[in-house]
Amino acid sequence: MSLPRSMYYYSSRRDDSQVINKLLELSDKRPSRGFDHYYGCIRNEGLVWNHKRVKRVYNLLGLNLKRKHKKRLPSRVKEPLLKTDRINQIWSMDFMTDALMSGRKVRLLNVMDDFNREVLGIEVDFSISGERVIRVLDQIIDWRGIPEEIRVDNGPEFLSGSFVNYCRTKNIRIRYIQPGKPVQNAYIERLNRTIREDILDAYLFEDISQLRILTEEWMEDYNNNYPLQPLHGKSPREYMLL
């Protein structure tokens with residue numbers, strides 16, 4: 001082929017690692033933008049890389065192809081479980097899922113006060129939307145008062161605009177836990193475990209009304225008679241009177 005041996009074995013010694021890292025950083029931060037935007041950002045940062053070089057690396061990384069990207073949650077800050085010293089300082093909320101004998105799925109929305117671990121409400125239905133969450137909160141607030149903060153996970157009901165706007169109008173701070181870190185909402189997770197052991201795993205339900213009746217009875221017994229170790233053996237309502 002009349003090709004020099006040195007040309008055949010030649011490999012580029014060009015180091016594009018900095019360009020690669022910068023383009024990946026920009027594409028991760030702004031996945032819907034294109035080359036012109038990324039190159040403008042690079043220039044604004046004072047990086048004087050050649051346009052053709054950046055374009056070559058851009059194409060090599062496949063960034064010139066249409067990319068699917070998921071909506072991302074805002075970064076959540078890890079916050080410790082605070083020991084509250086009064087009622088309505090922090091409430092916790094969470095969902096549970098179970099099934100009737102027919103196999104139809106049901107959902108439970110549990111609401112508790114972190115101060116005395118009192119169960120403020122257990123809403124049971126086949127579907128519970130963000131609007132339904134607001135109605136449940138309104139019913140509890142009517143007799144309990146407005147909480148200063150509510151700790152929740154990143155479920156769609158708690159991320160909905162209606163729920164966020166509701167808390168804003170009520171001057172309630174929303175404490176979102178980090179995704180995949182249920183231990184950051186440990187109080188309500190412990191309550192969920194107790195409900196599952198005492199009710200969901202202990203009984204079979206033919207219809208949803210049976211589950212609603214049993215959860216109402218259980219909630220009253222738990223709040224008035226259930227001795228809790230963190231409360232020095234007192235029940236939630238007994239501890240609140242101390």
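How do the residues of the lining of the largest pocket divide into nonpolar, polar and charged? I will come to that by way of the pocket itself, and I should say at the start that what you have in front of you is a predicted model.

The largest pocket holds about 230 Å³ of space, and the residues that line it are Met 112, Arg 117, Tyr 187, Arg 190, Leu 191, Thr 194, Tyr 222, Tyr 226, Pro 227, Leu 228, Gln 229 and Pro 230. To answer the opening question, this lining divides into eight nonpolar, two polar and two charged residues. If you look for the element that gives the most to the lining, you will find helix α8, residues 186–200, which supplies four residues.

Two members of that lining, Arg 117 and Tyr 187, also meet in another way, since Arg 117 lies over the face of Tyr 187, at 4.1 Å from the ring centre. Elsewhere in the model there is a second arrangement of this kind, in which the charged end of Arg 104 sits over the ring of Phe 126, 3.6 Å from its centre.

Let me turn to the aromatic rings, for which the count comes to nine aromatic pairs. One of these is Phe 35 with Tyr 39, whose ring centres are 5.7 Å apart and whose planes lie at 20°, and because planes under 30 degrees apart count as stacked, the pair is a stacked one. Phe 35 and Tyr 39 are four residues apart in helix α3, residues 35–44, so about one helical turn separates them. Phe 35 counts as buried because its relative accessibility is 8%, with under 20% as the cut-off, and Tyr 39 is likewise buried, with a relative accessible area of 12%.

The next pair to point out is Trp 218 with Tyr 222, where the ring centres are 4.8 Å apart and the planes are at 25°, so that this pair too is stacked. Both residues lie in helix α9, residues 208–225, again four residues apart, or about one turn of the helix. Trp 218 counts as buried at 9% relative accessibility, and Tyr 222, which we have already met in the lining of the largest pocket, counts as buried at 4%.

Finally, to return to helix α3, the stacked rings of Phe 35 and Tyr 39 belong to a wider group, for Phe 35, Tyr 38, Tyr 39 and Tyr 58 form one aromatic cluster.

Definitions and conventions:
Residues numbered from 1 in each chain as written. Predicted model: local features only at pLDDT ≥ 70, side-chain atom pairs only at ≥ 80, totals over all residues. Heavy atoms only, no water. Phe/Tyr/Trp six-rings, centres within 6.5 Å; stacked < 30°, edge-to-face > 60°. Helix = DSSP H or I, 4+ residues; strand = E, 2+ residues; numbered from the N terminus. Buried < 20%, exposed > 50% of the residue type's maximum accessible area, 1.4 Å probe, protein only. Lys NZ or Arg CZ within 6 Å of the ring centre and 35° of its normal. 1 Å grid on protein atoms, 1.4 Å probe; cavity = no way out; pocket = protein on both sides within 12 Å on 5 of 7 lines; lining within 4 Å. Points joined across faces, edges and corners; volume = space filled by probe spheres on them. Nonpolar A, V, L, I, M, F, W, Y, C, P; charged D, E, K, R; others polar.
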